[in-house]
Amino acid sequence: MNLTKYILLPLLLVAGGISASALTPREAFIKAPADIIETIDSITRLDMLDYYDSGSSVASRNAFGGEASVRSANDVSITVSTSNVAEVTLIPLAAGRDSVLLVINTLALPTPDSYAVTYDQNWHLATGMSLPDHNSLDLWMLPSGRNVRDKIENAIPFVPAIYTFNDGTLTMTQTLSKLIPADDYTFVKPYLRPSISFKWTGKNWKQVK
């Protein structure tokens, strides 16, 4: 193992009290509390970054013996597979003189589905900066679906969606085609938005109309 990580880790942990404005995506990944990235300890996270930077395809082991690896890392975000069916993306966002952190978790089963939480610089839930629950049919339904809402509700047990972040905008894309039978999806598709976007204003999330 790279001895540098054993020197770097204590420094990063000591720096944990500084504002998130100083955090890069990589530092956010290393310092994220255990309740946010539960299955990968800090030393293993450093190993994962070493493997990624060296171009190695070797996976690290999570707390349950499963595979974990860094999928992508840049100045904006870092995405990590925490197991064979789950990944997490960490994105520092500017918020005035400070920063907040957007954390997106995605599960692959039974169909791809994400959720996102915004934290303040101390890794507490950021009050007033929450995103709406994408399982709300009202978010997705077009005006043309109002007269057949009961039939739409009967065809959809819940609304799964995957999240992507680009240039300050979080986009939720529904993945119903992977969840419900083809005939049901053909019926509901004309009445639903394929995606919904929210723009980070520096203070909160605003839906893009």
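This report describes the two sheets, a buried loop residue and the salt bridges of a predicted model.

Residues are numbered from 1 along each chain as its sequence is written, and side-chain values use heavy atoms, with hydrogens and water left out. As the model is predicted, local features need pLDDT of at least 70 and side-chain atom pairs count only at pLDDT 80 or more, while totals for chains, interfaces and linings use all residues.

## The six-stranded sheet

Helices (H or I, at least four residues) and strands (E, at least two) are DSSP runs, numbered from the N terminus. Two strands are taken to pair if DSSP finds at least two bridges between them. Strands of a sheet pair through backbone hydrogen bonds, either parallel or antiparallel.

An open sheet of 6 strands follows the order E1-E2-E3-E4-E5-E6, and its pairing is antiparallel. Its edge strands are E1 (60–61) and E6 (113–119), each of which pairs on one side only. Helix H3 (residues 42–53) packs on this sheet and touches E1, strand E2 (67–73) and strand E3 (78–81). Contact here means heavy atoms within 4.5 Å. The direction of H3 makes about 55° with that of E2; axes are lines fitted to C-alpha atoms, for helices over the stretch in contact, and angles run from 0 to 180 degrees between N-to-C directions.

At one edge, 2 bridges join E1 to E2 in the antiparallel sense, and Arg61 stands opposite Glu67 in E2. The hairpin of E1 and E2 has 5 residues between the strands, and in this hairpin Gly65 takes a positive phi near 85°. E2 is joined in turn to E3 by 4 bridges, again antiparallel, with Ala73 opposite Ile78 in E3. E2 and E3 likewise form a hairpin, with 4 residues between them. At the other edge, strand E5 (residues 98–107) and E6 run antiparallel and are joined by 7 bridges; Thr106 has Ser114 in E6 as its bridge partner.

## Thr82 in the E3–E4 loop

Thr82 is placed in the loop between E3 and strand E4 (86–95). Its relative accessible area is 14%, so Thr82 counts as buried. The classes are buried under 20% relative accessible area, exposed over 50%, and partly exposed in between (1.4 Å probe, protein chains only). With neighbours within four places in sequence left aside, Thr82 is in contact with Ile37, Thr39, Ile40, Asn62, Glu67, Ala68, Glu87 and Val88. Among these partners, Glu67 is also the residue that Arg61 stands opposite.

## The four-stranded sheet

A further open sheet has 4 strands in the order E7-E8-E9-E10, with antiparallel pairing. Strand E7 (161–166) and strand E10 (205–207) stand at the edges, each with a single partner strand, so one side of each is left without a neighbour in the sheet. From one strand to the next, the twist averages 25°. E7 pairs with strand E8 (residues 169–174) over 6 bridges in the antiparallel sense, and Phe165 stands opposite Leu170 in E8.

## Salt bridges

A search of the whole structure finds 4 salt bridges, a salt bridge being a side-chain nitrogen of Lys or Arg within 4 Å of a carboxyl oxygen of Asp or Glu. The table lists three pairs, including the distance between N and O atoms.

| Pair | N to O distance |
|---|---|
| Arg26 and Asp53 | 2.7 Å |
| Glu87 and Arg71 | 2.5 Å |
| Arg149 and Asp138 | 2.8 Å |

The salt bridge of Arg26 with Asp53 links distant parts of the chain, with Arg26 in helix H2 (residues 25–31) and Asp53 in helix H3, 27 residues apart. Arg26 is partly exposed at 28% relative accessibility, and Asp53 is partly exposed at 49%.

Glu87 and Arg71 meet in a salt bridge within the six-stranded sheet. Glu87 lies in strand E4 and Arg71 in strand E2, so the pair ties together parts that are 16 residues apart in sequence. Arg71 is exposed, with a relative accessible area of 53%.

The side chains of Arg149 and Asp138 also meet in a salt bridge. Arg149 belongs to helix H5 (residues 149–155) and Asp138 to helix H4 (residues 137–140), 11 residues apart. Arg149 is partly exposed at 24% relative accessibility, whereas Asp138 is exposed at 54%. Salt bridges that share partners join Asp138, Arg149 and Glu153 into one network.
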